[in-house]
Amino acid sequence: MNIHEYQAKELLDRFGAETPRGGVARTPAEAERVARELGTNQLVVKSQIHAGGRGKGTFTNGFQGGVHLCKTAGQARDLAAKMLGQTLVTHQTGPAGRVVNHVLVAESVEIEKEFYFAVLLDRATGAPVIVASREGGMDIEEVAAKSPEKIIREAVDPAFGLQPYQTRKLARELGFAPQQMRAACKLFAALYRCFHDCDCSMVEINPLVLTKGGQVLALDAKFSFDDNALFRHPDIMALRDVGEEDPREVEASKHHLSYIGLDGNIGCMVNGAGLAMATMDIIKHHGGEPANFLDVGGGATEEQVTEAFKILLSDPKVKAILVNIFGGIMKCDIIAQGVMNAVKAVRLGIPLVVRLEGTNVELGRKMLAESGLPIASASDLDDAAEQIVKLAPKE
Amino acid sequence: MSVLVDKNTRLVVQGITGKSGAFHTRSCMEYGTNVVAGVTPARGGEVFEDKVPVFDTVHEAREQTGCNATMIFVPPEFAADAILEAADAGVELIVCITEGIPVMDMMRVKEMLKASNSRLIGPNCPGIITPGQCKIGIMPGYIHKPGNIGVVSRSGTLTYEAVWQLTSRGHGQSTCIGIGGDPIIGTTTLDAVQLFAADPDTHGIILIGEIGGSAEEEAAAWLKENCDKPVAGFIAGATAPPGRRMGHAGAIISGGKGTASAKKEALRDAGIAVAETPSTIADTLLAVVK
């Protein structure tokens with residue numbers, strides 16, 4: 001789950017992690033009010049969408065740039081009027097763009113120095129780690145590849161948390177002057193608390209800045225939350241903006257199906273995440289392109305299979321469907337019946353190949369063959385992939 | 001001829017009275033697993049299926065039945081606590097089937113298990129089976145056959161796929177370990193291959209991995225230096241887009257790391273035969289087992 005910049009700012013504020021002063025606005029009048037309350041002539045108005053590249057983006061109404069500096073509350077109002085309700089296209093949104101429903105109006109700070117700071121899970125040790133660098137504002141992967149010596153790593157004991165001495169060590173390694181240390185340490189400690197208390201898998205601050213006025217601030221924040229822990233964070237769950245998500249993925253999540261949209265034309269329905277990935281891989285191996293990842297789970301019901309078909313068919317790009325089920329606990333005849341019912345229910349009009357394996361597989365295949373429905377049965381995984389690639393139109 | 005579990009394993013099931021706990025306990029009992037106890041808090045004194053006593057705590061179950069392995073079906077919000085309870089009671093092998101445990105909880109569990117003698121398998125895994133002797137988990141028993149191939153995997157149904165390929169070609173398995181699809185797990189790919197390498201009755205190893213993390217690379221590096229047994233590997237997720245969690249919480253390419261191609265490269269570099277498609281996993285191993 002992703003959240004908006006203004007939501008990240010509100011979350012950081014709650015943990016005492018300092019960010020530039022500002023507030024969110026849904027109307028031009030609100031933007032004007034927020035700007036006036038800031039009482040400064042150095043303002044920035046930022047479009048709020050879940051995509052990067054906003055500053056260099058273009059609105060479909062022709063207005064250039066999703067991020068603008070200005071001096072007065074009146075100018076903030078006028079800028080907000082040009083952004084709100086409009087569609088912003090950036091290199092990350094695709095040509096359809098995203099509608100801007102909120103703008104963040106904030107004080108624009110004068111930057112003395114930029115840093116990179118992140119708290120994340122280190123899978124190798126099974127513990128949190130702080131990754132920081134003096135090379136702020138840049139792509140950290142690039143820094144790590146070109147000059148790994150510029151990356152600082154500080155392991156955190158998950159039982160005890162980030163210790164004060166560790167924040168001081170980090171501040172010195174990042175080159176903060178003695179008089180800035182207190183502010184830097186306070187910010188690092190707050191960021192770790194936020195990571196821990198919100199069950200994040202990552203909190204990335206890029207850049208974290210030292211201002212010309214000597215403040216240490218989180219200027220931009222990217223949060224990744226652990227989906228498994230959202231049940232105990234209703235407040236974070238409430239930040240979800242389904243308008244920013246793939247509607248197919250939203251629909252799938254309602255039915256407890258794990259779905260990820262891709263660019264190909266062969267829809268897949270598989271039980272189990274590993275087998276689902278392997279099925280995508282084998283389609284590609286035989287020259288086809290998978291349209292999605294879809295895991296119906298180990299104990300999928302007939303209703304879930306029907307919903308899964310509906311989601312696959314709601315995608316106009318899907319021109320053929322491959323069903324691959326290893327029936328272990330669930331018997332193949334039951335799965336075959338579920339597929340047949342679903343095909344009838346959705347009036348399937350595109351090629352379908354079904355590959356079943358496991359308990360009662362002979363009976364399941366026989367049922368599909370005698371159903372009179374346009375379902376091709378595959379003998380094994382290779383055969384299934386070859387058949388479906390042949391049946392799907394070439395792109 | 002097995003690792004970790006065999007006919008002497010005495011199993012307790014935590015969450016035995018829940019819907020899936022009860023269902024899979026029955027299936028394990030039918031397979032021949034010696035289920036000696038169940039645990040559900042506040043249900044102590046009941047008897048499951050007319051033969052398995054239910055206790056309120058793992059400590060009582062351990063004291064009264066001598067159970068030496070546990071299978072956990074407790075809901076995700078309570079599962080980390082269930083693991084710690086089993087470890088505190090001294091249960092040697094903890095198999096946690098539960099999917100969806102918060103990562104922060106597992107960090108604490110992993111840290112606390114360092115000071116314990118218990119081994120954890122999972123969470124979010126199908127479990128472990130020594131064919132013909134003991135099944136702890138949700139895998140369909142009949143696809144397995146006693147034999148000499150060790151299987152370790154991060155995925156459930158993909159493991160069944162490989163096992164079924166072996167069995168239908170007449171080759172049995174010593175033990176199959178589903179280590180789970182979460183970012184933090186107890187027994188790692190490396191731990192599992194070390195067990196198989198040391199087991200005289202395991203003659204070949206199948207290693208099934210997927211995108212995310214570096215578990216396969218670590219296992220490959222160790223195998224290269226320490227193991228002469230034939231090994232075949234498969235990595236799922238070559239077509240997975242970066243930055244997306246592919247069903248399993250741990251199956252995610254982040255920061256350009258954990259890609260399928262890098263993992264395959266590491267396996268090949270260690271002299272491991274790599275199956276290009278999931279349909280050739282067994283054949284790839286059988287081609288190198290002499």
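Two strands pair if DSSP finds at least two bridges between them. That rule is handy for the sheets in these close-ups, which come from a predicted model.

**View 1. An edge of the first sheet in chain B.** Strands β3(B) and β4(B) (residues 52-55) run antiparallel and are joined by 2 bridges. One residue pair to pick out is F48(B), whose bridge partner in β4(B) is V52(B). Step back a little and the sheet these strands belong to is an open one of 7 strands with mixed pairing, in the order β3-β4-β2-β1-β5-β6-β7 of chain B. The edges are taken by β3 (47-48) and β7 (119-121) of chain B; each has a single partner strand, so one side of each goes without a neighbour in the sheet.

**View 2. Helix α2(B) lying across sheet strands.** Here α2 (residues 58-65) of chain B lies across β1 (11-14), β2 (35-39) and β4 of chain B. The angle between α2(B) and β2(B) is about 155°.

**View 3. The other open sheet of chain B shown here.** This one also has mixed pairing, with 7 strands ordered β9-β8-β11-β10-β12-β13-β14 in chain B. Its edge strands, β9 (134-137) and β14 (273-274) of chain B, each pair on one side only. Within the sheet, β10 (residues 146-153) and β11 (residues 173-178) of chain B run parallel, with 5 bridges joining them. To find your way along that pair, look for P146(B), whose bridge partner in β11(B) is Q173(B).

**View 4. Two helices, from two chains, lying across strands of chain B.** Helix α1 (residues 19-31) of chain B lies across β8 (127-130) and β9 of chain B, and runs at about 170° to β9(B). The helix from the partner chain is α9(A), which lies across β12 (204-210) and β13 (231-236) of chain B. In this case the angle to β13(B) is about 85°.

**View 5. The interface between chain A and chain B.** Contacts here involve 47 residues of chain A and 53 residues of chain B. About 3,900 Å² is buried between the two chains, and carbon and sulfur atoms give 63% of that area. There are 13 residue pairs in polar contact across the chains, counting pairs with both residues at pLDDT 80 or more. On the chain A side, the elements giving two or more residues are β9 (127-133), α6 (181-197), β14 (258-261), α9 (273-285), β17 (320-327), β18 (352-358) and α13 (381-391) of chain A. Which of the elements gives the most to that side? It's α9(A), with 10 residues. Sorted by class, the side of chain A that touches chain B has 22 nonpolar, 12 polar and 13 charged residues.

**View 6. Salt bridges, between chains and within chain A.** Side chains of opposite charge can pair when their charged atoms come close. Across the interface of chain A and chain B there are 4 salt bridges. In one salt bridge E161(B) meets R355(A), with 2.7 Å between the closest N and O atoms. Searching the whole structure gives 41 salt bridges over all chains. One to zoom in on is the salt bridge between the side chains of E5(A) and K46(A), at 2.6 Å from N to O. Since E5(A) sits in helix α1 (residues 5-14) of chain A and K46(A) in strand β2 (residues 43-47) of chain A, the pair ties together parts that are 41 residues apart in sequence.

**View 7. Backbone oddities.** Most residues other than glycine have a negative phi, and most peptide bonds are trans. The bond joining N206(A) and P207(A) is a cis peptide bond with omega of about 10°, and P207(A) is placed in strand β11 (residues 200-211) of chain A. In chain B, the peptide bond from G122(B) to P123(B) is cis, with omega near 10°; P123(B) lies in the loop between β7 and β8 of chain B. Also have a look at D199(A), a residue other than glycine with a positive phi, near 55°. You'll find D199(A) in the loop between α6 and β11 of chain A.

Note on methods: Residues numbered from 1 in each chain as written. Chains lettered and ligands numbered in written order. Predicted model: local features only at pLDDT ≥ 70, side-chain atom pairs only at ≥ 80, totals over all residues. Heavy atoms only, no water. Contact = heavy atoms within 4.5 Å. Buried area = accessible area lost by both parts, 1.4 Å probe. Polar contact = N/O pair within 3.5 Å; in protein donor to acceptor, adjacent residues only side chain to side chain. Helix = DSSP H or I, 4+ residues; strand = E, 2+ residues; numbered from the N terminus. Nonpolar A, V, L, I, M, F, W, Y, C, P; charged D, E, K, R; others polar. Axes fitted to C-alpha atoms, helices over the stretch in contact; angles between N-to-C directions.
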